Amino acid sequence: MRAVTPLRDGDLVATIPRGACLTPRTTGAAAAIEAAELGGCLALAVAVMYERARGADSPWDAYLQLLPDRESVPLVWPADEAECLLAGTELDKVTHFLLFYYV
């Protein structure tokens, strides 16, 4: 998006209907997500997986085609690689905490 005139704080630049957004409530798997009492990122991940599995039958198919096939998550990186690549970052601290706490 590009503004053709200067913008000020608080200027409305777009209105997107809630139903146009892929969320745990708008996915075809909404009932299953609610029944499983999933929330947050996990609920959204299930919604995306479900809609991706539907392929062209999903109302979000065109959008989902733009997303990468996978996303690299530091929690599943080899420990030496994570230490090297994340050293000195806030994510390094969080990753160490999560690995210690959950493993």
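The questions and answers below walk through some features of this predicted model.

Q: How many salt bridges does the structure hold?
A: Side chains of opposite charge can pair when their charged atoms come close. In this predicted model, one such pair is R8 with D11, and another is R54 with E51. The number of salt bridges that the structure holds is two.

Q: How far apart are the closest N and O atoms of R8 and D11?
A: A salt bridge needs a side-chain nitrogen of Lys or Arg within 4 Å of a carboxyl oxygen of Asp or Glu. R8 is exposed, with a relative accessible area of 64%, whereas D11, which sits in the segment before α1, is partly exposed at 29%. R8 and D11 do form a salt bridge, and their closest N and O atoms are separated by 3.6 Å.

Q: In which helix do R54 and E51 both lie?
A: The side chains of R54 and E51 meet in a salt bridge, with a distance of 3.2 Å from N to O. Along the chain these two residues are three residues apart, which is about one turn of the helix. The helix that holds both of them covers residues 40-54 and is α2.

Q: Is E51 buried or exposed?
A: A residue counts as buried when its relative accessible area is under 20%, and as exposed when that value is over 50%. R54, the salt-bridge partner of E51, has a relative accessibility of 30% and counts as partly exposed. For E51 the relative accessible area is 0%, and therefore E51 is buried.

Q: What accessible area do M1, L7 and V13 have together?
A: These three residues, M1, L7 and V13, form a nonpolar patch on the surface. One of them, L7, is found in the segment before α1, the helix of residues 30-35. Taken together, the accessible area of M1, L7 and V13 is about 380 Å².

Q: Which helix gives the most residues to the lining of the largest pocket?
A: Rolling a probe the size of a water molecule over the atoms shows where empty space is left. The largest pocket has about 210 Å³ of space, and its lining includes A45, V48, M49 and R52. By class, this lining has six nonpolar, no polar and four charged residues. The element that gives the most to the lining, with four residues, is α2.

Q: What separates the C-alpha atoms of D69 and R52?
A: D69 and R52 are both among the residues that line the largest pocket. D69 is found in the loop between α3 (61-66) and α4 (79-86), and at 68% relative accessibility D69 counts as exposed. Although D69 and R52 are 17 residues apart along the chain, their C-alpha atoms are separated by 10.0 Å.

Q: Which residue has a positive phi although it is not a glycine?
A: Most residues other than glycine have a negative phi. The residue in question has a phi of about 55°, its place is in the loop between α1 and α2, and at 73% relative accessibility it counts as exposed. This residue is E37.

Q: How far apart in space are G88 and I16, C-alpha to C-alpha?
A: G88 lies in the loop between α4 and α5, the latter covering residues 90-102. At 79% relative accessibility, G88 counts as exposed. G88 and I16 are 72 residues apart in sequence, and the distance between them in space, C-alpha to C-alpha, is 38 Å.

Methods. Residues are numbered from 1 along each chain as its sequence is written. This is a predicted model: local features need pLDDT of at least 70, side-chain atom pairs count only at pLDDT 80 or more; totals for chains, interfaces and linings use all residues. Side-chain values use heavy atoms; hydrogens and water are left out. Buried means under 20% relative accessible area, exposed over 50%, partly exposed in between (1.4 Å probe, protein chains only). Patches are made of residues with over 30% relative accessible area and no salt bridge: like charges are joined within 9 Å, nonpolar side chains (Val, Leu, Ile, Met, Phe, Trp, Tyr) within 5 Å. Accessible areas come from the Shrake-Rupley method with a 1.4 Å probe; for residues, only the protein chains shown count as cover. On a 1 Å grid over the protein atoms alone, a cavity is a set of points where a 1.4 Å probe fits but cannot get out, and a pocket is an open set with protein on both sides within 12 Å along at least five of seven lines; lining residues have an atom within 4 Å of a point. Grid points are joined across faces, edges and corners, and a volume is the space filled by probe spheres set on the points. Ala, Val, Leu, Ile, Met, Phe, Trp, Tyr, Cys and Pro count as nonpolar, Asp, Glu, Lys and Arg as charged, and the others, Gly among them, as polar.
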